[in-house]
Amino acid sequence: MVCGYPTLEESQSLFDILKEKSEYIEIQFPFSDPIADWPVIEKANEIALENWINTEKCFDFCERNINDILRPVSSAKNYDFETGLKIKSRIIIMTYYNIVLNYWVENFVKKAKEIWVFGFIIPDVPFDEEDWKIFRELCEKYDIVFTEIVSPITTEKRLEEIKNLNPKLIYAISQNMTTGQEAKFWEDFEKYINNLKSIFSCPVWVWFWVKTREDVVQINNISDFAIIWSEFIKKYNNWATEKLKEYLEEISK
């Protein structure tokens with residue numbers, strides 16, 4: 001979901017739907033030039049910014065909802081030993097590095113830690129650049145998951161370099177494209193994911209081109225999680241709330 005789209009109030013309604021069926025909720029802090037996103041999400045970012053949604057409002061939104069999804073533990077399932085709480089779902093912040101820079105990098109990471117954010121997805125920080133190194137080290141310092149993003153064109157050498165950093169989470173882009181673009185999984189998709197699973201000991205999540213229950217089953221047969229992004233925004237734009245709930249019920253059963 002994009003924080004503040006289509007309004008902050010409706011974002012809250014959307015979150016309330018998502019939290020019932022999602023183990024992780026990706027909340028995008030809107031940015032003026034979301035280069036990794038397909039037009040449906042670009043438009044959502046544009047509308048959120050027109051609503052004067054800024055970083056502080058996004059953090060407030062996350063904090064309010066994280067407080068709601070942390071519950072006193074009643075069973076061993078989903079028990080978080082650090083907080084002593086039962087976790088219904090976790091929040092991952094997705095945004096672009098300029099947002100982080102404008103907030104001051106360490107302040108951004110520290111704030112996220114204070115409100116129990118699980119991790120970050122920052123797709124425009126190139127591997128090996130100084131900004132990438134600084135941000136990654138701060139995530140380690142504050143014990144927040146820094147998501148490594150790989151694609152079918154990531155070289156074996158680069159994959160080994162990432163492996164040596166002991167990553168906590170791999171986001172595997174299933175296509176060489178922006179989110180929501182029309183295409184089919186290529187024939188070597190399973191080979192690509194299996195190769196990642198053989199290299200990394202951490203979870204491998206598959207990102208892009210996940211729409212149906214069949215997609216989820218296919219992906220979860222070989223990876224750890226399936227991520228639905230632009231397709232969910234499309235359905236939110238076109239469907240009534242009850243139909244959206246039915247979709248989540250079907251896709252997550």
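Contact here means heavy atoms within 4.5 Å of each other, and it is in this sense that strand S1 (24-28) and helix H10 (230-238) are among the elements covering the buried residues of helix H2. Helices (H or I, at least four residues) and strands (E, at least two) are DSSP runs numbered from the N terminus. The model is a predicted one, in which local features need pLDDT of at least 70 and side-chain atom pairs count only at pLDDT 80 or more, while totals for chains, interfaces and linings use all residues. Residues are numbered from 1 along each chain as its sequence is written, and side-chain values use heavy atoms, with hydrogens and water left out.

Helix H2 itself takes up residues 39-50, and its 12 residues should span 16 Å at 1.5 Å a residue (the expected span being 1.5 Å times one less than the number of residues); the end C-alpha atoms are 16 Å apart, which agrees. Its buried residues (under 20% relative accessible area, with exposed over 50% and partly exposed in between, for a 1.4 Å probe and protein chains only) are Val40, Ile41, Ala44, Asn45 and Ala48. These lie on the same side of H2, because they cover an arc of only 140° around the axis, the arc being that of the directions from the helix axis to the C-beta atoms. An α-helix has 3.6 residues a turn, so residues three or four places apart point the same way. After H2 comes Trp52, with a positive phi near 65°.

Turning to helix H5 (residues 105-114), this is where Lys111 is placed. Is Lys111 buried or exposed? With a relative accessibility of 16%, Lys111 counts as buried. Leaving aside residues up to four places away in sequence, Lys111 touches Glu56, Phe59, Glu63 and Tyr103. Glu56 is 55 residues from Lys111 along the chain, and their C-alpha atoms are separated by 9.9 Å. The buried residues of H5 are Val105, Phe108, Val109, Lys111, Ala112 and Lys113, and their cover includes helix H3 (55-69), strand S5 (90-94), helix H4 (97-103), strand S6 (119-121) and helix H6 (130-141). Just after H5, Trp116 has a positive phi of about 70°.

Finally, helices H1 (residues 8-18) and H11 (residues 241-252) pack at an angle of about 30°, with their axes 10 Å apart. Axes are lines fitted to C-alpha atoms, for helices over the stretch in contact, and angles run from 0 to 180 degrees between N-to-C directions. Leu14, Ile17 and Leu18 of H1 meet Thr241, Leu244, Lys245 and Leu248 of H11.
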